[in-house]
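Biologist: I would like to learn how to read a structure like this one, feature by feature. Could you walk me through it?

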Amino acid sequence: MPRAAAPTGGKRGLSAVLSVFCLAVLSSCPGGAYAQQCSETVEIEVPYVGGPPDVVAECLAKYPKDYCPTPFPTFPVSKEMSPTCDIALVGAGTGGLYMALRLIEEKKVTGAGLCVFEATERVGGRIYSLRGMGPDKDLSVDIGGYRTWPRFTPVTHELITKKLGIPMGCYENELEGGCLKYNIVDKDGSKDGFASMPEALMKKLSDAGARWFPLFELESMKQEAAKGATELTFKNGAKATAKAHVILNIPQRPLLKIVRASSLPEGGVSESTYRALHTVQTEIVTKLYMYYPDAWWYNLNLTQGDMNFEGDATKMLLQGRYHDGHVKCKGEGSDKKCHGFLMTVYAHDYAGEKAMYFRRFQSQRGEATTIISDTDPEGALFLKHAHSRIVDYHVYNMPDDVKAKVGKSQFEITQAIGSQPPPFAVLGTWGTATLGAGGGWHGWTDLTYKGDAMKPLNSYNIHVVNEAYSNVQGWAEGALQLADTVLKEKFGVSSPWPFDVPEVRQIVRQTNVEVKCADDVEVDTNPPGTEVAEDDAHLCFVAGTPVHMADGSVKNIEDVVVGDIVKTGGAGAGKVTAALKHAVDGGKAELAVLRLGDDAAAGEIVGSRTHPGSPACLRRPPPASAPRVTTPSRGRRCTARRAPRWRPGRSTSSSTWKWTATRQASPSTRTSSALRASTWRPAWATTRSSTAASPARTSGRRRRPSRLRRTTTP
Ligand SMILES: Cc1cc2nc3c(=O)[nH]c(=O)nc-3n(C[C@H](O)[C@H](O)[C@H](O)COP(=O)(O)OP(=O)(O)OC[C@H]3O[C@@H](n4cnc5c(N)ncnc54)[C@H](O)[C@@H]3O)c2cc1C
C-alpha cells in the first residue's frame, strides 16, 4: 500500500516520493492499488529500490539513543519525477556542490535551473558526519573526510573558513611552530563534523532555488546528439532531462556502472575512454571510533600521537590516534572527567587486507556506517575483543618512548583502562560495495591517459568532477581543484581564490610491498647543522623512477649524481647534495636517496627496487601564507619492509605484485605543465602519521616512533 509522503528527503523511511501523472515508468500503474490513485493530482510513494538503510532510524530501533546520531540535516525536496533542468548535478559531494554554487554565483545557471540528484539521503558523500552522539548528545564522529591541511589543501581551507565562514580548530598541533591541520568546530571550539562544509554548500544552493532530489541513484544517461539534451534514468524509476550540461560528481566504481549502461551518440563511450577511466584504483579504508564513558587515555597522558598494533583476520588491528576522536571534559583539576571517542583504527590499503577483521561486522555492505552496540551479542563480542586488544597493547606492547611518557606501571595502566569494554563504537567501512563511493579514495595506477581520465565525457557536455580523477587524490581538495579547472575551461568561470593554487600532481601506484623508515639502515641525509622541515620526510621511489632535470632531460633516480640540478616544482630547481644507495632487507632491495640543497625547498627522494614509487614528486615551496615550521636536524633510518602478508618463496617480481610501472612520456611528448606538475610532492606523503596515510603513506614515509612523539605537542 502507498505510504504517507515524507516531507523531506531526510525522513525517508526507504521510500521516494512520486508525483504521479500516470507515470509510464511505473509499470504498476495500470492495475492494483496504484491504479486507483493514478491521476494527475495524487501523490504516492513507492519503495525506494536498492537505497541505503536509514542509519539513524535503524540505530534508534535497536539500540539506546546515546549510541545513535541525530538525523542528518534536510533540505526542501523536489517531488518531481520527470524534472527538466538546465544543469543536472548528479552526486551531492563537495566538488559537485561547490561547482554548482559557482555556476549560480556566476550566473551560468539560475537556481531553479539546477537539479541536484543524490543516491543517498544526505549530502557530503565521503564526507560523512554523525552528530549528537553520546549521553549528552553532543559528540560527533566523522567516518569519512574530516580535516584540512592548509599547506596542501589551501582551496578546501579557504572555502570553509572564508567563503563559507565556518570556524575551524586545530586538529593536529604537532609542532611548536603551530597547527598543521584543522577540523571544523562549533562556536565553543568543539568538533562539529566536516560535513558542515558540503551542508553549507547545499544550503546556499537550496536558498538559491536549486531543486534537491535525495535517493535518486542515477543508472544511465542517454543523448541523441552530442551536446544535445541528456536523459537521465534513476533507479527509482524517475527520468530527468538535462538541457545543457550534466555534472557527474561520482567516484570511479559508481561512475563506471553508469557509463556502461549509458547510450551516447557518435560511437558512444570509446575503448580509449574506458582505458582512461580504468587508470585509477580505489583504496579500502576503515575507521573505528570506540566510545568510553571515561576517556582513560587522557588520564595516561596520551592525548597526542599514534597507536599501532598489528592485527589479522582474528586479532583486531589497532592503528589509531589519541588526538583524533571527539572528547568532552567536565570539571576542573582532580574533579575533571572526560568521555568520548578514541580513534582506534584508521587503516587503508588497496587489497583490503587491513579491513579483514572488520568487514564481517559491517551491518550493510552498501552503507559506510555501522553502529556496534553492547546490547546485541555480536556487538558485545566485537567490543570485548576490541577492548582486550587495547589492554594488550597498552599494558604489554607500547613502544618504550610511549611507556616513558605514560610513566606508569603495567598494573596502573591496567587499572586506568579498566576491564569494562566500551558500550558502543562506530565503524566506518569504505569498501568496493559502499553505495556511491566504491572505496575510500583513489590512486592513479597509470598516468599515460590521465588527461582523458580527468575529462572523459566533456565532448558531450557531461563533466566528471570528483576526487577520483583529480590531482589531489585522497582529499576533498582534488574534487575542488578539478571543479575549478572545469569551471574555467568549460564555463569561463575563474577561480575565486585570492592566491595561486599550487599545481599539484599526486601519483600513486598499486603495491603490495611497503617501504618503511624503520630500524635496519641508518641513512643520515641531513647535512650537519641544517634544519629540516618536520614534514620533509621520505618518499619511496623504485629504481627506474624518472627524475626531471632542470634542463628538461629525464634521468632514472639511481643515475642521479651529486651536483645534478633537478626540477623541484614550478620553475624551481635544486642541486643534489647527496645521492645515496643502500642495499637493505638482506640485499633484496635497494634504497636510493637524493638530498637536495635547501634553496630548492625540496625534500629527498627515496626508492627501493621492490617498491613502486612516484616520479620525481619533490616538494615545492608551500604557499606563502602557510607557516613553515622546522625541527632540529636529524638522521633518518630507512629500510624496505614487506607487507605483513608477504610470504617467503613468493616471487617479488613486478608482475606477481601487479606493479604497473608507468613510464612517463618522454619530455618531448609531455606538456610543459605536466613536467612542472610532476615535481610537486604529494601532501599525504608528508603527513606524520602512518595511520592517516593515503596511498603513498604506505609507500614509505615513516618516522621512528620516538622521534614522532618527541616532536608532538601533548
Ligand atoms: C576515511 C576517509 C578519510 C578522509 N580524510 C580526508 C581528510 O581529512 N580531508 C580531506 O580533504 N579529504 C579526506 N578524505 C577524502 C574526501 O572525503 C573525499 O576526497 C571527498 O569527500 C570527495 O568529494 P567528491 O566531491 O569527489 O565527492 P564524493 O564524496 O565522492 O561524493 C559523490 C556523491 O555522489 C553520490 N553518487 C554516487 N553515485 C551516484 C549515482 N549513481 N547517482 C546519484 N548519486 C551518486 C554519492 O552518494 C556521493 O554523495 C577522506 C576520505 C575517507 C574515506
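Biologist: Let me begin with a helix: what covers the buried residues of helix 13?

Modeller: Gladly, and please keep in mind that this is a predicted model. The cover over the buried residues of helix 13 includes helix 3, helix 4 (154-163), helix 12 (450-454) and strand 21 (462-464).

Biologist: Which residues of helix 13 are buried?

Modeller: Here the general idea helps: an α-helix has 3.6 residues a turn, so residues three or four places apart point the same way. In this case the buried residues are A476, E477, G478, A479, L480, Q481, L482, A483, D484, V486 and L487 of helix 13.

Biologist: How far does helix 13 reach from its first C-alpha to its last?

Modeller: Helix 13 spans 21 Å with its 16 residues, close to the 22 Å expected at 1.5 Å a residue. Just after helix 13 comes G492, with a positive phi of about 65°.

Biologist: Now to packing. At what angle do helix 3 and helix 13 pack?

Modeller: For a helix pair, look at the angle, the spacing and the hand. Helix 3 and helix 13 meet at about 35°, and their axes are 8 Å apart. The crossing is right-handed. On the helix 3 side, the contact is made by T94, G95, Y98, M99, R102 and L103. Helix 13 contributes A476, A479, L480, L482, A483, V486, L487 and F491. Sorted by class, this contact has eleven nonpolar, two polar and one charged residues.

Biologist: And the ligand: which residues come nearest to it?

Modeller: There are 41 residues around the ligand, and G91, G93, G125, G145 and G436 come nearest. By class, the shell divides into 17 nonpolar, 17 polar and seven charged residues.

Biologist: Which elements each supply at least two residues of that shell?

Modeller: They are helix 3 (94-105), helix 6 (252-261), strand 13 (280-292) and helix 13 (476-491). Helix 13 gives the largest share, four residues.

Biologist: One last case, F309 in strand 14 (residues 306-309). Why does F309 count as partly exposed?

Modeller: Count the neighbours: a residue is buried if 20 or more other C-beta atoms lie within 10 Å of its own. F309 counts as partly exposed because it has 19 C-beta neighbours inside 10 Å.

Biologist: Which residues does F309 touch, leaving aside those up to four places away in sequence?

Modeller: F309 touches L318, R389, Y393 and N397. Take N397: F309 and N397 are 88 residues apart in sequence, yet their C-alpha atoms are 7.8 Å apart in space.

Key
Residues are numbered from 1 along each chain as its sequence is written. This is a predicted model: local features need pLDDT of at least 70, side-chain atom pairs count only at pLDDT 80 or more; totals for chains, interfaces and linings use all residues. A residue is near a molecule or strand if its C-beta atom, placed from the backbone, lies within 6 Å of it. Ala, Val, Leu, Ile, Met, Phe, Trp, Tyr, Cys and Pro count as nonpolar, Asp, Glu, Lys and Arg as charged, and the others, Gly among them, as polar. The expected span of a helix is 1.5 Å times one less than its number of residues. A residue is buried if 20 or more other C-beta atoms lie within 10 Å of its own, exposed if 12 or fewer, and partly exposed in between; C-beta atoms are placed from the backbone. Two residues are in contact if their C-beta atoms, placed from the backbone, lie within 7 Å. Axes are lines fitted to C-alpha atoms, for helices over the stretch in contact, and angles run from 0 to 180 degrees between N-to-C directions. A crossing is left-handed if the near helix is turned anticlockwise from the far one by less than a right angle, and right-handed if clockwise.
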